[in-house]
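Let's take a walk through this one together, starting from a single residue and working outwards. Have your viewer open and follow along.

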Amino acid sequence: MSVVSAPGKMILLGEHAVVFGKPAIAMGIDLRLTCTVRKGRQNTVNGQPLNERQHAYVAAAIRDHWPGGPLDITIDSEFPSGSGLGSSAALTVALLGAMSQMGGGIDEESVARAAFDVESTVQGRASPLDTSVSSHGQGIFVDSAPGKDLLWHIRRDSRQWYVHHCPVPDLTFVVGFTGIRAPTGPLVAKVKRYVDRTRFAKEVVDEIGDITVEGAKRLRDRDVVALGGLMTRDHNLLAILGVSSPELQRLVDAAIPFSYGAKLTGAGGGGSMIALTDRPEKVAGAIARRGGVPYIVRTGVDGVRAEDSPR
Ligand code: MEV
């Protein structure tokens with residue numbers, strides 16, 4: 001038996017653009033998903049036989065990365081799936097971590113590589129952002145060239161990403177979940193169609209890349225005013241790409257008066273937004289009044305890890 005957990009994530013800057021090789025910054029958050037894995041008589045998930053459609057990530061992880069017999073898998077998550085907080089990445093990472101643990105031990109980089117492989121297979125098109133941050137925890141900066149604190153380098157087709165450790169200063173964020181579950185694959189495909197067809201969308205993606213580079217400097221300097229401003233600009237550009245929604249916009253608008261900045265996080269289309277603030281209770285209240293589910297989150301958390309108290 002093996003019990004392994006992995007954190008959810010929030011993307012500070014650069015989602016969608018990262019799929020086109022632009023930089024992005026993501027951080028692990030203190031909401032975790034735990035996988036308990038035992039040898040079984042058939043593959044099961046939470047007591048039900050494995051269903052390839054319903055449990056696509058689990059099915060792909062077992063098919064492509066597990067050489068052993070049937071597994072009995074229990075998933076226990078502190079955050080909802082489809083919420084833009086990286087539930088599919090955390091599930092894939094925790095499960096692959098549990099499989100590695102059964103084979104002797106967890107290697108963060110191997111888990112990150114295998115998890116990206118699974119996400120790409122299931123989603124059709126992805127960047128290693130979510131799976132890498134869930135594996136590493138803390139913060140990561142993904143770029144098209146190597147730099148200081150390089151963790152690993154991942155290639156797929158003609159695209160490549162250099163994943164770096166990014167120190168996370170002590171900042172307070174509030175996440176607001178719209179309650180709408182939005183799968184990532186179709187949103188990534190929608191942006192790709194837009195970028196393939198118009199020069200304008202390509203320029204928007206370039207501008208998100210520039211904002212992210214600037215944001216990495218502001219994060220290092222702990223310049224929350226500038227960083228918040230960049231987050232809000234990034235949100236407006238993501239809205240132009242067509243991945244915001246009325247519900248997300250409502251929560252962003254509710255948070256802005258009490259925040260340095262706010263934006264959708266993850267694939268969008270529903271899911272969640274984040275606000276950078278030093279008045280988290282006020283932001284959480286404003287989000288709840290507009291029908292969102294607020295979470296005040298802590299960053300600087302562990303990545304994939306074995307849990308020593310099996311349940
Ligand atoms: C989803 O959390 C982030 C996206 O950039 C997709 C990806 O990077 O694979 C929208």
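Is Asn43 buried, exposed or partly exposed? With a relative accessibility of 24%, Asn43 counts as partly exposed, since buried means under 20% relative accessible area, exposed over 50%, and partly exposed in between (1.4 Å probe, protein chains only).

Before going on, a word on what you're looking at. This is a predicted model, where local features need pLDDT of at least 70 and side-chain atom pairs count only at pLDDT 80 or more, while totals for chains, interfaces and linings use all residues. Residues are numbered from 1 along each chain as its sequence is written, and side-chain values use heavy atoms, with hydrogens and water left out.

Back to Asn43, then. You'll find Asn43 in the loop between strand S2 (24–39) and strand S3 (44–45); helices (H or I, at least four residues) and strands (E, at least two) are DSSP runs, numbered from the N terminus. Leaving out residues up to four places away in sequence, Asn43 touches Gln48, Pro49, Leu50, Ile62, Pro70 and Leu71, contact meaning heavy atoms within 4.5 Å. With Leu71 there's a polar pairing too: a polar atom of the Asn43 side chain lies 2.7 Å from the backbone nitrogen of Leu71.

Ile62 takes us to helix H1 (residues 56–65), whose buried residues are Tyr57, Val58, Ala59, Ala60, Ala61 and Ile62. Those buried residues pack against S3, strand S5 (71–77), H2 and helix H3 (108–123).

Now zoom out. The domain assignment gives domain 1 (2–168) and domain 2 (172–298), with bounds that come from an automatic or database domain assignment. Their centres, taken over C-alpha atoms, are 22 Å apart, and 30 residues of domain 1 are in contact with 40 residues of domain 2.

What fills the space where they meet? The largest nonpolar core has 79 residues; such a core is a set of buried Ala, Val, Leu, Ile, Met, Phe, Trp, Tyr and Cys residues joined through side-chain atoms within 4.5 Å. Helix H2 (residues 87–102) gives this core its largest share, 8 residues. Both domain 1 and domain 2 contribute residues, so the core lies between them. Leu12, Phe173 and Met273 touch the most other members. Apart from this core lies another, of 17 residues, including Val19 and Trp152.

Met273 is a handy way into domain 2. Among its contacts beyond four places in sequence are Val174, Leu248, Leu264 and Ile287. Met273 falls within strand S11 (residues 272–276), which is joined to S10 by 5 bridges, the two running antiparallel. In that pairing, Thr265 stands opposite Ser272.

The wider picture is an open sheet of 4 strands in the order S10-S11-S9-S12, with antiparallel pairing; two strands pair if DSSP finds at least two bridges between them. Strand S10 (261–265) and strand S12 (293–297) are the edges, each pairing on one side only.

Two helices sit against these strands. Helix H8 (residues 246–255) lies across strand S9 (173–177), S10 and S11, at about 15 degrees to S11. Here axes are lines fitted to C-alpha atoms, for helices over the stretch in contact, and angles run from 0 to 180 degrees between N-to-C directions. Helix H9 (residues 280–289) packs on the sheet as well, touching S9, S11 and S12, and its direction makes about 160 degrees with that of S12.

Finally, look at Ser245, in the loop between helix H7 (224–240) and H8. Ser245 is buried, at 11% relative accessible area, and beyond its neighbours within four places in sequence it is in contact with Gly269 and Gly270.

Definitions and conventions: A polar contact is a pair of N or O atoms within 3.5 Å; within protein, one must be able to donate a hydrogen and the other to accept it, and residues adjacent in sequence count only if both atoms are side-chain atoms.
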